[in-house]
Amino acid sequence: MAFRSLNHFLLLIGLLSLSPPPSTTTTLPRKLSQNLSFFREAPAFRNGQPCANHTIHLAMTLDTNYLRGTMAAILSILHNSGCPENVVFHFLWLRFDQDIKTSLKTTFPYLNFKLYRFDSSLVQGKISKSIRVALDEPLNYARIYLPDIIPKNVKRIIYLDSDLVVVDDIEKLWRVDLGEKVLAAPEYCEANFTQYFNDNFWNEPELQKIFEGKDPCYFNTGVMVLDVEKWREGGYLKKVEEWMVVQKQKKIYHLGSLPPFLLVFAGNIKPVHHSWNQHGLGGDNIEGKCRSLHPGAISLLHWSGKGKPWLRLDSGKPCVVDHLWAPYDLYRSSKHSFEY
């Protein structure tokens, strides 16, 4: 069930115990990269109710700098799922990294996952400098190529960023009725849509025609449900790439991989309840100042923006909302997460 308020969430999170039964398993010796965190082993999550014979496909990226966030996200998804054994993770990374793979397998020994290499040459020459360095990383653009990387038998997939935790059953998001739409996501029509493009865009009528007949609204690409078949059949990869080429030529936006998605899909997506993306908890893209939660139910907490909860917790200067991420932190040296 989605949480009705911050107090409700805090009360429940205080009552939760993520501790597994006593275990006699031994820790495998691991020689990890110097910058790779050690993580505790998560408990085994089993289907706790009669579960239909279907698979929930989730996609995320794997990157050393965000691995701590990815581990927390995985734990939150499994812990709050009614049918965790039905979930299959599809991870995109830039290159084979045995340390990351080993860390993933020893932290989640029962995890059903697949690994795919994202060829950074696909975006070579297509990335323009944005307002934050992290937004310029090739892996940030991997979501655009996801439908062409995963197996053809995958018909639908949920894409999630690594700086979030899910506090509701992910199957609810999986079952959203897409209808004839290619993409589903929480929509924010009260946001000032014009700010996602600069004057170079709004001063050129020919470019603005893309929104004719539409009522475009902002949505965050860190939480999306994609109809993979419709994406492939509609040639949406090419459509997004075409706007990346325009950006290289005319510099019409400043936010990495988000604006080309908005140019192709804004005003033509399946809206999902806002509880599925309490976004912006990382603050803005420049300073990352603390922000409070939006009013309403909570199914997913998303630290989009510059500030990341693990960095602020380690600094000893966390935001209030960062304490909602901490219980899912599997970092071995963390003082903020539950002990196993």
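Of the 340 residues in this protein, 54% count as buried. Keep in mind as you look around that this is a predicted model. The average pLDDT is 88, and 86% of the residues score at least 70. One stretch to treat with care is residues 10-32, where pLDDT stays under 50. The model still has 32 contacts for that stretch beyond four places in sequence. Where pLDDT is low, the predicted coordinates should not be read in detail.

Now for the overall build. The protein has eleven helices and ten strands. If you take the contacts between residues at least 6 apart in sequence, 75% of them join residues at least 24 apart. On the outside, the protein exposes about 15800 Å², and carbon and sulfur atoms supply 51% of that.

Let's head inside. In soluble globular proteins, nonpolar side chains tend to be buried together. Here the largest nonpolar core has 55 residues, and those with the most contacts inside it are F89, F108, L160 and I170. Helix α2, which runs over residues 67-79, gives the most to this core, with eight residues. Apart from this core lies another one, of 51 residues, with V123, Y141, L146 and Y159 among them. Which residues does I170 touch, leaving out those up to four places away in sequence? They are I56, L58, I77, V87, I158 and W276.

Next, look for the rings. There are 22 aromatic pairs in the count. One of them joins W93 and F96 edge-to-face, with 5.5 Å from centre to centre and 75° between the planes. Are these two partners buried or exposed? W93 has a relative accessible area of 5%, so this residue is buried. F96 comes out at 52%, so this one counts as exposed, the cut-off being over 50%. Another pair is W231 and Y236: their ring centres are 6.0 Å apart and their planes meet at 40°, so this pair is called tilted. Both W231 and Y236 are buried. Elsewhere, ring pairs link F193, F197, F201, W202, F211 and Y253 into a cluster.

Rings can have charged company too. Y236 turns up again here, because K239 lies over the face of its ring, 4.2 Å from the ring centre. In the same spirit, the charged end of R46 sits over the ring of Y110, at 4.5 Å from the centre.

Now find helix α10, residues 258-265. Why can we call this helix largely enclosed by the rest of the structure? Because eight of its eight residues are buried. The buried residues are L258, P259, P260, F261, L262, L263, V264 and F265. After α10 comes G267, which has a positive phi, near 85°.

A little further along the chain you reach strand β9, residues 270-272, where K270 is found. Is K270 buried, exposed or partly exposed? Its relative accessibility is 30%, so K270 counts as partly exposed. Leaving aside neighbours within four places in sequence, K270 is in contact with V176, D177, L178, K181, L183, A184 and A185. K270 also shows how the chain brings far-off parts together: K270 and E187 are 83 residues apart in sequence, yet their C-alpha atoms are 8.5 Å apart in space.

Methods
Residues numbered from 1 in each chain as written. Predicted model: local features only at pLDDT ≥ 70, side-chain atom pairs only at ≥ 80, totals over all residues. Heavy atoms only, no water. pLDDT = per-residue confidence, 0-100. Contact = heavy atoms within 4.5 Å. Helix = DSSP H or I, 4+ residues; strand = E, 2+ residues; numbered from the N terminus. Buried < 20%, exposed > 50% of the residue type's maximum accessible area, 1.4 Å probe, protein only. Areas by Shrake-Rupley, 256 points an atom, 1.4 Å probe, with all protein chains shown as cover. Core = buried A, V, L, I, M, F, W, Y, C linked by side-chain atoms within 4.5 Å. Phe/Tyr/Trp six-rings, centres within 6.5 Å; stacked < 30°, edge-to-face > 60°. Lys NZ or Arg CZ within 6 Å of the ring centre and 35° of its normal.
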